[in-house]
Amino acid sequence: MKPCCPVLKKADYEVKTVPLSVCREMVAEYHYAKTGSNTATFRHGLFLKTSPEICLGVAWWIPPTKSAALANYPKNWKAVLVLSRLVVHPDVPQNAASFLIMRSVNLIRKDSRWEYLLTYADEWQKHSGAIYKATNWQPRGKTAPEATWVDVKGRMVSRKAGPHTRTKDEMLALGHKMIGRFSRHRFGMAL
């Protein structure tokens, strides 16, 4: 698919809720992590109005860990969501990701349970968070460097498994490989 124009025309696109399976497919195909959470609080997809059956991007939202929520929004840590995965098809217009983010944020604003949004830009992928800066997220500094793990297929793997955080030995026993220690740029948005 080729973009219809070099810059996305808002009137030609829409963002709507999609099944978790659509998020998984898009992330597996186009996101460096290749996988995501087993759950989602919100799942929004980007669609060209003339092709409403073809998803061109997804914004996948989940609650962050309690410690991440408290560190960024101690006022009400249970009212925090994190943009866990953001991905767009490589052939969409250049501002498609920002359009998807902001339309997704607008949909979340309609649900009064949520007060604060959080997201990260991974330095190991050389991401600076430019897309978040462009969509009015506030820089919140960097995280401490953490081990980044991948499985035998090169998919990013979390040390967190439900309530348990796996040790280095457990990760190695599962066949995972640590590829380095990296910080992430952190961004927040009050709703």
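Helices and strands here are DSSP runs, with a helix needing at least four residues and a strand at least two, and the numbering starts at the N terminus. Keep in mind as you click around that this is a predicted model.

**Stop 1: Cys55**

Start by selecting Cys55, which belongs to strand β3. Is Cys55 buried or exposed? Its relative accessible area is 13%, so Cys55 is buried. Show what surrounds it: leaving out residues up to four places away in sequence, Cys55 touches Val22, Met26, Gly45, Leu46 and Phe47. Now draw a C-alpha to C-alpha distance to Val87; you should get 11 Å, for two residues that are 32 apart in sequence.

**Stop 2: the sheet**

Switch to cartoon and colour the strands. You're looking at an open sheet of seven strands with mixed pairing, and the order to trace is β1-β2-β3-β4-β5-β12-β6. Which strands stand at the edges? Those are β1 and β6 (138–142); each has a single partner strand, so one side of each lacks a neighbour in the sheet. Look along the sheet and follow the twist, which averages 25° from one strand to the next.

Zoom in on β2 and β3. They run antiparallel and are joined by six bridges. For one concrete example, pick Phe42: its bridge partner in β3 is Trp61.

Next, bring helix α1 (residues 20–30) into view. This helix lies across β2, β3 and β4, and it runs at about 110° to β3.

**Stop 3: the cores**

In soluble globular proteins, nonpolar side chains tend to be buried together. To see how that plays out here, select Leu46, Trp61, Leu86, Leu117, Tyr132 and Trp137, the residues with the most contacts inside the largest nonpolar core, which has 27 residues in total. The elements giving two or more residues to this core include β1 (13–17), β2 (42–48), β3 (55–62), β4 (80–88) and α3 (96–109). Also among them are β5 (116–122) and β12 (184–190). Which element gives the largest share? That's α3, with seven residues.

There is also a second, separate core of 20 residues; to find it, pick Leu20, Val22, Phe47 and Val87, which are among its members.

**Stop 4: Tyr132 and its ring neighbours**

Go back to Tyr132, which counts as buried at 7% relative accessibility. Setting aside neighbours within four places in sequence, Tyr132 is in contact with Leu83, Leu86, Ile101, Thr119, Tyr120, Ala121, Trp137 and Phe187. Trp137 is worth adding to the selection: at 2% relative accessibility, it counts as buried too. Tyr132 and Trp137 make an edge-to-face aromatic pair, 5.7 Å centre to centre with 70° between the planes. Now add Trp61 and Phe187, and you have a cluster of four residues, Trp61, Tyr132, Trp137 and Phe187, linked by ring pairs.

**Stop 5: a pair across the chain**

The structure holds six aromatic pairs, and another to visit is Tyr32 with Trp124. Their ring centres are 5.6 Å apart and their planes are at 85°, so this pair is edge-to-face. It links distant parts of the chain, 92 residues apart: Tyr32 is in the loop between α1 and β2, while Trp124 is in the loop between β5 and α4 (130–134). How do the two compare for burial? Tyr32 is partly exposed, with a relative accessible area of 22%, whereas Trp124 is buried, with 18%.

**Stop 6: charges over rings**

Show Lys16 and Phe47 as sticks. The charged end of Lys16 sits over the Phe47 ring, 4.5 Å from its centre. Then do likewise for Arg184 and Tyr120, where the charged end of Arg184 sits over the ring of Tyr120, 3.9 Å from the ring centre.

**Stop 7: Ser84 and Lys66**

Ser84 is in strand β4. Is Ser84 buried or exposed? It counts as buried, at 18% relative accessibility, since the cut-off for buried is under 20%. Beyond its neighbours within four places in sequence, Ser84 is in contact with Trp60, Trp61 and Ile62.

Finish at Lys66 in helix α2 (residues 66–72). Lys66 counts as partly exposed, at 47% relative accessibility. For a last distance, go from the C-alpha of Lys66 to that of Arg155: the two are 89 residues apart along the chain and separated by 25 Å.

Definitions and conventions
Residues numbered from 1 in each chain as written. Predicted model: local features only at pLDDT ≥ 70, side-chain atom pairs only at ≥ 80, totals over all residues. Heavy atoms only, no water. Core = buried A, V, L, I, M, F, W, Y, C linked by side-chain atoms within 4.5 Å. Buried < 20%, exposed > 50% of the residue type's maximum accessible area, 1.4 Å probe, protein only. Contact = heavy atoms within 4.5 Å. Pairing = 2+ DSSP bridges. Axes fitted to C-alpha atoms, helices over the stretch in contact; angles between N-to-C directions. Phe/Tyr/Trp six-rings, centres within 6.5 Å; stacked < 30°, edge-to-face > 60°. Lys NZ or Arg CZ within 6 Å of the ring centre and 35° of its normal.
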